[in-house]
Amino acid sequence: MNRTTIYNEYLEPTNLVDLNTQIVKQKAFELTQNSVSECEKVKDIYHFVRDKIPYTFTHNLQKASDVLKEGVGQCNTKTTLTIALLRAINIPARYHCGSISKNLFENIIPKWAYPLTPELIPGHCWTEFFFNNKWTAIENVVDLKMYEGIQNKMIDEVQKESIGCGLSADKFQKEWDGQTDILMQDGALVEDLGTFSNADEYLAKAERFLNPIKYWIKKNVVRNAMNKKFEELRTYEKKYASR
């Protein structure tokens with residue numbers, strides 16, 4: 001794919017990537033107005049979405065503008081927002097999507113709900129952007145406060161494995177170097193479905209992977225329980241911050 005095609009296809013708005021809305025355009029400008037290089041612009045957007053939009057289970061089909069208004073997001077919605085902000089400042093960006101194992105959330109999904117959860121959960125996404133003639137992955141899903149809470153809890157409980165968020169001590173760079181891929185939940189992807197310039201249809205299909213009863217339980221019970229556990233992990237960050 002040549003540069004002209006990339007700069008056409010991967011700068012376009014979609015229903016979810018509503019980069020032409022005032023709130024998205026304004027935030028993209030606000031975040032990057034003092035950046036001295038394109039790489040720094042990407043870093044500023046990366047860290048804003050990572051840390052100022054806490055990792056919280058919401059609705060898969062939120063527009064970027066809605067994510068900004070609500071101020072929270074999950075993998076899909078934080079990816080949508082990141083892509084919209086990058087495209088708003090003329091940096092090509094795309095989705096990379098696939099299905100993850102439910103093991104990623106083994107200690108976060110309520111124990112009674114875990115056996116009812118399908119082995120594969122579709123719709124996991126992260127951002128890739130085009131810079132220096134190559135695509136680079138920048139997964140900015142888990143906010144720094146929750147990450148540090150996870151690490152502190154692992155130390156406190158003498159655990160070597162991640163606490164239900166697909167993370168371990170060697171899977172996360174606190175500061176992205178601006179050049180190499182960064183995948184916070186590396187190893188969680190079971191089924192790689194590739195890249196999308198427009199993931200609206202894919203995410204809409206992924207949203208329907210549960211039957212209506214399980215979907216209602218997930219939306220009204222399981223999601224709230226999982227979000228409560230995420231907040232508890234952030235408490236560990238505060239409790240052991242001086243360690």
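**Note on the predicted model**

1. Residues that lie 24 or more positions apart account for 71% of the contacts in the chain with a separation of 6 or more. The model under discussion is a predicted one, and the points below should be read with that in mind.

2. On the overall make-up, the secondary structure of the chain comes to 8 helices and 4 strands, and, taken from the N terminus on, the elements run α-α-α-α-α-β-β-β-α-β-α-α. The radius of gyration is 18 Å, close to the 18 Å that the globule rule gives for 243 residues, so the chain is as compact as a globular protein of that length. Along its principal axes the C-alpha trace spans about 50 × 45 × 30 Å.

3. As for burial and surface, 52% of the 243 residues of the chain count as buried, while the accessible surface comes to about 11,700 Å², with 51% of that area belonging to carbon and sulfur atoms.

4. The strands form an open sheet of 4 strands in the order β3-β2-β1-β4, and the pairing is antiparallel. At the edges of this sheet stand β3 (134-138) and β4 (189-196), each of which pairs on one side only, and from one strand to the next the twist averages 30 degrees. As general background, the strands of a sheet pair through backbone hydrogen bonds, in either a parallel or an antiparallel sense.

5. A reader who wishes to follow one pairing in detail may take strand β1 (residues 93-101), which pairs with β4 in the antiparallel sense over 6 bridges; here His96 stands opposite Thr195 in β4.

6. The relation of sheet to helix can be examined at helix α5 (residues 75-88), which lies across β1, β2 (120-131) and β3, and which runs at about 20 degrees to β2.

7. Within helix α5, Thr80 offers a useful place to look in the model. Thr80 has a relative accessible area of 0%, and because buried means under 20%, this residue counts as buried. Leaving aside residues up to four places away in sequence, Thr80 touches Leu16, Val17, Gln62, Lys63, Ala64 and Tyr95. With Tyr95 there is also a polar contact, made between the side chain of Thr80 and the side chain of Tyr95 at 2.7 Å.

Key: Residues numbered from 1 in each chain as written. Predicted model: local features only at pLDDT ≥ 70, side-chain atom pairs only at ≥ 80, totals over all residues. Heavy atoms only, no water. Pairing = 2+ DSSP bridges. Helix = DSSP H or I, 4+ residues; strand = E, 2+ residues; numbered from the N terminus. Axes fitted to C-alpha atoms, helices over the stretch in contact; angles between N-to-C directions. Contact = heavy atoms within 4.5 Å. Rg over C-alpha atoms; globule rule 2.2 N^0.38 Å. Buried < 20%, exposed > 50% of the residue type's maximum accessible area, 1.4 Å probe, protein only. Areas by Shrake-Rupley, 256 points an atom, 1.4 Å probe, with all protein chains shown as cover. Polar contact = N/O pair within 3.5 Å; in protein donor to acceptor, adjacent residues only side chain to side chain.
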